[in-house]
Amino acid sequence: MKLVLGLEIHIQVNAKHKMFCGCLADIWQAEPNSHTCPTCLGLPGALPVPNFEAVQKAHKLGMVLNCVINTNSHFDRKHYFYPDLPKGYQISQYKEPLCGRGCLELNSGYCVDIERVHLEEDTAKSFHADGKTLIDFNKSGIALIEIVTAPCFGQVTDAVEFCKKVQDIARVCDVSDADMEKGNMRLEANISLRTAEMEQAGILPTYKVEVKNINSFRFMEKAVLFELNRQTELFDSGQTPKQENRGWDEKKQGTVSQRTKEEAHDYRYFPDPDIPPLHFSSEYIAKLKQSLPELPHQLKTRLVKDYGLKPASAEFFVSGLGIELVPKFERVAMLTNDPVGTANVLINKAGLRTSSSEDLAKEVVQKRSSHTLTVSELTEVVSKVIVANPEVVANYKGGKESALQFLVGQCMRETQGKADPRTIIDLLKQTV
Amino acid sequence: MPSHKKMSAEEIVHIAGLVKLQLTPQEVDKFSELIPQTLATIDVLQELDTIGVEPTSNVAGLADVYRDGTQSTTLSQAEALANAPDRLKGLIATKGVFDRS
Amino acid sequence: MTKLNELTVKESIEGLKAQAFTSVELVQACLAEIARLDGYIKAYIKVLAEEALAAAQAADEQIRADPEIFNQKPLLGIPYACKDNYSTKGIETTAAANILRGYIPPYESTVTEKLKHGVSTDASDFFVTRNPWDLSKVPGGSSGGSAAAVASHMCTFAMGSDTGGSIRCPASWCGITGLKPMYGRVSRYGLISMASSTDCPGPLTKTAWDAHYVLQVIAGKDSKDATSSNGDVKALTNSVAGLRIGVPKSYFAVDFETPAIKQTILDALKTFEKAGATLVNVDLLPPKYAVAVYTVIQRSEVSSNLARFDGIRFGQSRNAFGYEARRRMMLGAYTLSAGYYDEYYTKAQKVRTLIVEGFKKAFSAADIIVGPTMPNLPVPIGMLDSSPIFGELTDMMQLPGSMAGLPVVSIPCGFVSGFPIGMQLIGPHFGEAGILSAAKVFQDTTNFHLQMPSGIKELT
């Protein structure tokens with residue numbers, strides 16, 4: 001049996017205010033129920049008014065995910081009953097989401113098929129203790145972006161890579177801290193299995209198991225693998241898995257059925273009459289596109305091309321914590337004229353990452369001298385680079401100065417920065 | 001034109017579940033007749049040709065209305081909790097939602 | 001001599017300005033009338049006597065200090081009654097429903113905030129309110145408490161809300177002026193939602209001039225209601241000369257339970273003609289389609305709006321819902337549910353478009369449209385509904401205006417069997433001043449609006 005995996009990623013927007021009211025959205029470590037108002041508490045007569053900042057941020061994320069930006073959009077009401085949903089409906093988007101179909105390329109070149117990116121309001125936070133449900137409405141109404149992919153993943157590693165990329169993008173674009181521990185990025189995996197024949201014919205399974213509220217990439221990997229086994233065993237014993245919601249239980253190291261007393265879902269979506277429709281001009285879309293920062297894949301290409309970093313080193317700087325180190329990397333690389341050495345120090349010496357650029361530069365230079373290769377070792381490297389780049393060498397001979405820079409970069413890369421660039425330049429000039 | 005036969009008790013109970021209502025057997029019986037009767041009165045809409053007509057959900061003719069960032073009507077914790085019948089340590093409490101059976 | 005509680009808003013302000021009487025005296029007159037009559041009529045759910053007197057005293061001090069203060073606080077010191085579905089901070093607000101028993105809102109609705117210089121008493125139809133013209137009859141709903149309070153002069157004016165005729169129907173049956181402003185003209189923030197796409201806060205008054213005056217205070221864009229609109233309320237004019245009054249044949253072709261009502265309206269049209277207006281025929285869809293559209297949309301929106309009543313953050317558990325609410329939610333859940341949504345909800349929204357477009361076309365030929373408000377006289381208390389859409393059938397003339405979000409005013413235009421008859425004047429978007437000017441001209445030349453229910457005069 002083959003895995004069929006689709007994802008729903010929820011990302012809390014780091015807008016100043018909540019999605020439909022004036023409450024501040026920064027509720028981290030706040031007293032329970034201290035950030036509520038009639039609107040996000042769902043009191044009778046209170047009304048929602050949408051937050052433009054959140055709309056723009058959702059659009060930015062959609063743009064980076066290469067989604068169609070819909071010129072007409074509106075909010076719908078999605079009905080279900082749960083104590084953490086104060087109005088008995090969630091203001092969400094169904095028929096006209098902010099962003100339609102998109103795609104994101106993984107390192108392997110595989111394109112993840114994105115169905116939509118829409119905006120909605122977060123629910124409150126509920127705890128379950130002693131047969132009671134306790135609710136803190138601070139989280140209620142915070143702007144939440146939902147990214148829905150097609151059931152397009154056949155491997156859990158691809159799904160994890162996609163989630164990490166989305167996390168990086170959200171941070172780079174200042175859409176969200178996307179901190180999974182704080183719960184401002186949450187994953188849901190729709191998992192089912194199908195036969196190889198079904199896969200070939202492009203037929204989807206008739207059921208899906210929805211694993212909700214996964215709050216780490218590791219748990220997602222575990223949950224999917226657990227489901228893969230569980231569902232395989234069910235098929236082996238002649239059963240088809242039930243369509244249901246499950247949750248990852250870290251203690252039990254498995255997914256468990258989340259059967260609630262609530263009724264079967266029929267969300268009864270309809271356009272929210274409290275909120276007039278939204279229209280987006282091509283000028284607005286173009287302007288927002290221009291404001292997008294350099295994206296992880298663009299940065300990676302630049303680090304490899306302009307600084308001569310190896311793709312693996314460049315990857316460090318475009319994902320996770322590495323993104324924050326990019327400005328420092330660029331400054332120190334300029335100071336030392338040694339990008340590869342700078343990268344090595346930043347990647348390998350975590351303790352030095354908070355040092356000043358000047359101190360780091362000293363470290364890079366010192367490291368280089370202590371590791372400096374002998375001239376004979378260097379001569380070997382230089383010859384190798386010259387043989388490998390005949391065209392560049394020819395260009396240099398033809399008088400193109402920048403070609404020499406490239407060759408130096410290649411040598412530095414080969415030696416992992418353990419060489420003095422000036423020695424290399426001398427050697428290159430001699431040899432050529 | 002759709003027909004509107006008496007609805008089954010099961011259907012009525014399902015609809016009631018959607019809006020979280022517990023109906024008495026008498027109400028189930030009443031609604032199983034009343035809903036089809038009401039639907040029959042709505043059938044008059046089928047007389048009108050609406051091909052190519054856009055649905056209207058907003059008659060004020062407004063669009064693109066956003067909150068001006070300054071407005072806030074945030075309540076204190078005491079105000080937020082004041083009307084809740086059950087509460088515990090700053091939280092609003094209700095009976096558990098998980099089915100323990 | 002006219003008693004103070006019988007004065008209009010206009011007369012009351014003139015008297016206060018001239019210091020002919022005080023706000024305290026106005027409030028006392030209303031409270032005395034409430035004490036005398038409300039045991040019979042049951043218009044009020046709660047009378048905020050102490051609060052009203054304190055507010056009146058404060059108003060009197062301000063008026064003494066500055067008689068021109070009405071320029072800033074147009075309704076200062078005027079006693080009004082408010083339907084109990086406006087959120088009032090610190091004052092129990094129940095919408096006359098058990099589910100909200102005990103609910104004390106922590107916030108104020110935009111409308112009551114704007115009226116805060118007035119003196120509020122809290123009206124409701126929690127109980128069976130009775131029609132001042134005949135205590136065995138209903139006043140009409142659902143702003144019946146507000147209408148009965150105005151008609152029996154237990155207040156100077158009242159606030160109601162109109163979803164599908166709930167201001168105009170009781171205004172018609174109680175013989176007063178009831179204005180449903182254009183949808184979005186007055187903020188809904190803090191008004192407990194019934195059908196969000198048609199709910200309109202509006203005043204119930206003794207005259208068209210008063211309705212216009214109150215509208216000026218409560219109208220306007222509210223940053224807390226995304227569906228509210230900007231736009232000035234234009235001044236009233238004193239003439240209908242040259243006014244094109246549209247007469248929709250389809251509104252006169254319906255089955256009048258009391259045919260004399262039709263004749264009363266036709267007579268009123270002649271009054272307009274005599275005053276210089278021209279009558280023109282306009283084609284509008286028969287009201288029966290608006291009845292069906294309204295039934296689907298109101299039930300759907302009600303089923304959604306009542307979902308927040310879960311007894312967790314406020315109010316009682318969902319078991320406290322009465323039969324009427326259950327009935328509406330059941331149908332709404334059905335018409336919105338998977339598999340039926342397009343057949344009912346989408347179809348209704350499309351027909352709604354036809355209604356809107358029909359009005360647009362009609363308003364190219366006419367400045368205002370006039371028709372009957374109700375096709376029947378007030379019904380006896382306790383009369384069982386003969387149809388699952390009984391309310392919609394009696395309100396049918398009002399539903400097209402509601403579905404299109406148009407401003408409509410109902411004013412008394414005659415009497416049949418001792419009951420006041422209401423005529424409704426429908427205007428285009430932002431056209432309140434047009435319909436209220438016509439209504440004022442009608443009231444300037446007739447005295448139907450000055451009649452008082454005689455049956456309650458002798459009650460003690």
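**Exercise 1.** Is S166(C) buried or exposed? Work out the answer, then place the residue among its neighbours.

*Solution.* Start with the ground rules: this is a predicted model, where local features need pLDDT of at least 70, side-chain atom pairs count only at pLDDT 80 or more, and totals for chains, interfaces and linings use all residues. Residues are numbered from 1 along each chain as its sequence is written, while chains are lettered from A and ligands numbered from 1 in the order in which they are written.

Next, the cut-offs: a residue is buried if 20 or more other C-beta atoms (placed from the backbone) lie within 10 Å of its own, exposed if 12 or fewer, and partly exposed in between. S166(C) has 32 other C-beta atoms within 10 Å, so buried it is.

Now locate it. S166(C) sits in the loop between β4 (157-162) and α6 (168-174) of chain C; helices (H or I, at least four residues) and strands (E, at least two) are DSSP runs, numbered from the N terminus. Skipping neighbours within four places in sequence, S166(C) is in contact with G141(C), S142(C), S143(C), G160(C) and S161(C), contact being C-beta atoms, placed from the backbone, within 7 Å.

**Exercise 2.** Which residues does the UniProt annotation "active site" cover? See how they sit in space.

*Solution.* The unreviewed UniProt entry puts "active site" on K83(C), S142(C) and S166(C). Mind the small print: positions follow the numbering used here, feature names are shortened, and annotations may be inferred rather than shown by experiment. The three are spread over 84 residues of sequence, yet they cluster in space, with a largest C-alpha distance of 11.1 Å. Take K83(C): its place is in strand β2 (residues 79-83) of chain C, and it counts as buried because it has 30 C-beta neighbours inside 10 Å.

**Exercise 3.** Describe the side of chain B that touches chain C.

*Solution.* Count first: 41 residues of chain B are in contact with 50 residues of chain C. Then find the contributors: α1 (9-18), α2 (25-42) and β2 (91-95) of chain B each supply at least two residues of that side. The largest share, eight residues, comes from α2(B).

**Exercise 4.** How far apart are the end C-alpha atoms of helix α2 (residues 156-172) of chain A?

*Solution.* The expected span is 1.5 Å times one less than the number of residues. For these 17 residues that gives 24 Å, and the end C-alpha atoms of α2(A) are 24 Å apart, which agrees. As for cover, 13 of its 17 residues are buried.

Key. Two residues are in contact if their C-beta atoms, placed from the backbone, lie within 7 Å.
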